[in-house]
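This report describes a protein model in terms of its charged pairs, its strand pairing, its overall dimensions and two selected residues. The sequence and coordinates are shown first.

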Amino acid sequence: RNQWNSVTLPYKTISLSYDRPIAMKGLKNASFGGGIVVNNDKAGDSRMGVFQVNMIFNYIRKMSKDSVHLLSAGLSAGVGQRSFNTTNLSFDDQWNGDSYDPNMSTGENFDRTALIFYDITPGIDWYYKPTQRLKGNLGISFAHVNRPNMSFMNNADISLHPKTTIHAKMQFPVHKEIDVLPSFIYEKQNQYHEFITGASVKYIMATKYGYNSAFYLGTYLRFGDAVILSTGVDFKDFHFGFSYDINTSGLKPASNGRGGFELSLVYILRKFIPINEHKHICPVYL
């Protein structure tokens with residue numbers, strides 16, 4: 001993701017993730033899963049960055065015999081590094097009376113420019129899927145429940161506030177080849193909050209051997225900030241996505257409406273079980 005390129009040094013975020021089921025013998029109505037998430041974020045003149053590696057664990061329980069209702073509980077736990085760079089920063093003490101002089105002392109004494117922290121996030125999710133094209137889910141998570149210390153000055157009062165996230169998504173058919181996917185996400189951290197809602201339309205171009213080839217087109221609204229246009233393509237086990245934020249906030253005079261773009265790529269690893277063909281001898285030839 002690349003954001004605010006038209007206003008300042010862009011905020012850049014790269015995220016990679018992998019998850020898979022974990023085989024457990026003796027489980028009839030439940031299963032386990034696990035994975036890993038890697039995030040790297042850089043922002044502003046100081047290149048304030050967060051690099052984080054989290055392990056993901058989840059438990060999924062069938063709430064009905066036909067697997068229409070599923071309830072899952074998950075836990076994300078990992079370690080991160082927060083850092084900044086003073087090379088491109090300027091300070092008051094570098095004003096010589098006439099102009100800015102980068103060779104003058106900054107007058108600042110930084111104890112450290114990097115710190116290590118640990119982060120824990122639990123969450124639960126309810127999943128409903130009566131048919132292949134009619135499904136939905138509702139979930140809630142609580143990030144940073146351990147309130148990791150974020151101070152570069154060893155100040156115990158500077159901690160990362162817990163963040164609550166509520167999300168929901170549905171998919172339902174409106175035509176033989178068209179599905180609608182409405183969704184929303186609400187996040188609250190201390191006095192800050194964000195609400196995004198909207199919908200995408202999915203056009204199914206082909207279905208063959210369990211694969212869907214489909215095209216997505218959607219519009220979302222981040223209240224008080226931006227209109228988000230999105231598109232995507234399903235092709236076999238790949239999903240390609242692209243979205244762009246059109247800025248509508250008070251920053252619009254500086255941004256000229258330009259926000260940020262985001263690219264995504266998803267690949268699903270499938271394990272097919274071969275079908276054993278049973279040949280029967282015709283009794284006519286016996």
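## A buried charged pair

D225 and R222 are both buried. Salt bridges with shared partners join these two residues, together with R1, E194, D245 and E262, into one network. The model is a predicted one. Within it, the side chains of D225 and R222 form a salt bridge, with an N to O distance of 3.1 Å. In total, the structure contains seven salt bridges.

## Salt bridges of R1

Two acidic residues, D245 and E262, form salt bridges with R1. In the pair of D245 and R1, the closest N and O atoms lie 2.6 Å apart. This salt bridge connects distant parts of the chain: D245 belongs to strand β13 (residues 238-247), R1 belongs to the segment before β1 (2-3), and the two residues are 244 residues apart. The side chains of E262 and R1 meet with an N to O distance of 3.0 Å. This pair, too, links distant parts of the chain, since E262 is in strand β14 (residues 258-267) and R1 is in the segment before β1, 261 residues apart.

How do the three residues compare in accessibility, buried or partly exposed? D245 has a relative accessible area of 3% and therefore counts as buried, the cut-off being under 20%. R1 has a relative accessible area of 27%, which makes it partly exposed. E262 is partly exposed as well, at 33% relative accessibility. As a general principle, side chains of opposite charge can pair when their charged atoms come close.

## Strands β8, β9 and β10

Strand β9 (residues 178-189) pairs with strand β8 (residues 163-175) in the antiparallel sense, over 10 bridges. Two residues separate β8 from β9 in the hairpin that they form. In this pairing, A168 stands opposite F184 of β9.

Strand β9 also pairs with strand β10 (residues 192-208), again in the antiparallel sense, over 12 bridges. S183 stands opposite G198 of β10. The strands β9 and β10 form a hairpin with two residues between them, and N190 in the turn has a positive phi of about 55°.

## I185 in strand β9

I185 is located in strand β9. Its relative accessibility is 28%, so I185 counts as partly exposed. Which residues does I185 touch, not counting those up to four places away in sequence? They are T165, I166, H167, E194, F195 and I196. Of these, T165, I166 and H167 fall within the residue range of β8, while E194, F195 and I196 fall within that of β10. E194 also takes part in the salt-bridge network described above.

The C-alpha atoms of I185 and A168 are separated by 6.6 Å, and the two residues are 17 residues apart along the chain.

## S46 in a loop

S46 lies in the loop between β3 (30-43) and β4 (48-62). With a relative accessible area of 15%, S46 is under the 20% cut-off and therefore counts as buried. Leaving aside its neighbours within four places in sequence, S46 is in contact with F84, N85 and L89. The C-alpha atoms of S46 and S6 are 17 Å apart, and 40 residues separate the two along the chain.

## Overall dimensions

The secondary structure of the protein consists of one helix and 14 strands. The radius of gyration is 25 Å, well over the 19 Å that the globule rule gives for 286 residues, so the protein is more spread out than a compact globule. Taken along the principal axes, the box filled by the C-alpha atoms is roughly 110 × 45 × 35 Å.

Of the 286 residues in the protein, 25% are buried. Among contacts with a separation of 6 or more, residues 24 or more positions apart account for 44%. The accessible surface of the protein is about 19,500 Å², and 60% of it belongs to carbon and sulfur atoms.

Technical notes:
Residues numbered from 1 in each chain as written. Predicted model: local features only at pLDDT ≥ 70, side-chain atom pairs only at ≥ 80, totals over all residues. Heavy atoms only, no water. Salt bridge = Lys/Arg side-chain N within 4 Å of Asp/Glu carboxyl O. Helix = DSSP H or I, 4+ residues; strand = E, 2+ residues; numbered from the N terminus. Buried < 20%, exposed > 50% of the residue type's maximum accessible area, 1.4 Å probe, protein only. Pairing = 2+ DSSP bridges. Rg over C-alpha atoms; globule rule 2.2 N^0.38 Å. Contact = heavy atoms within 4.5 Å. Areas by Shrake-Rupley, 256 points an atom, 1.4 Å probe, with all protein chains shown as cover.
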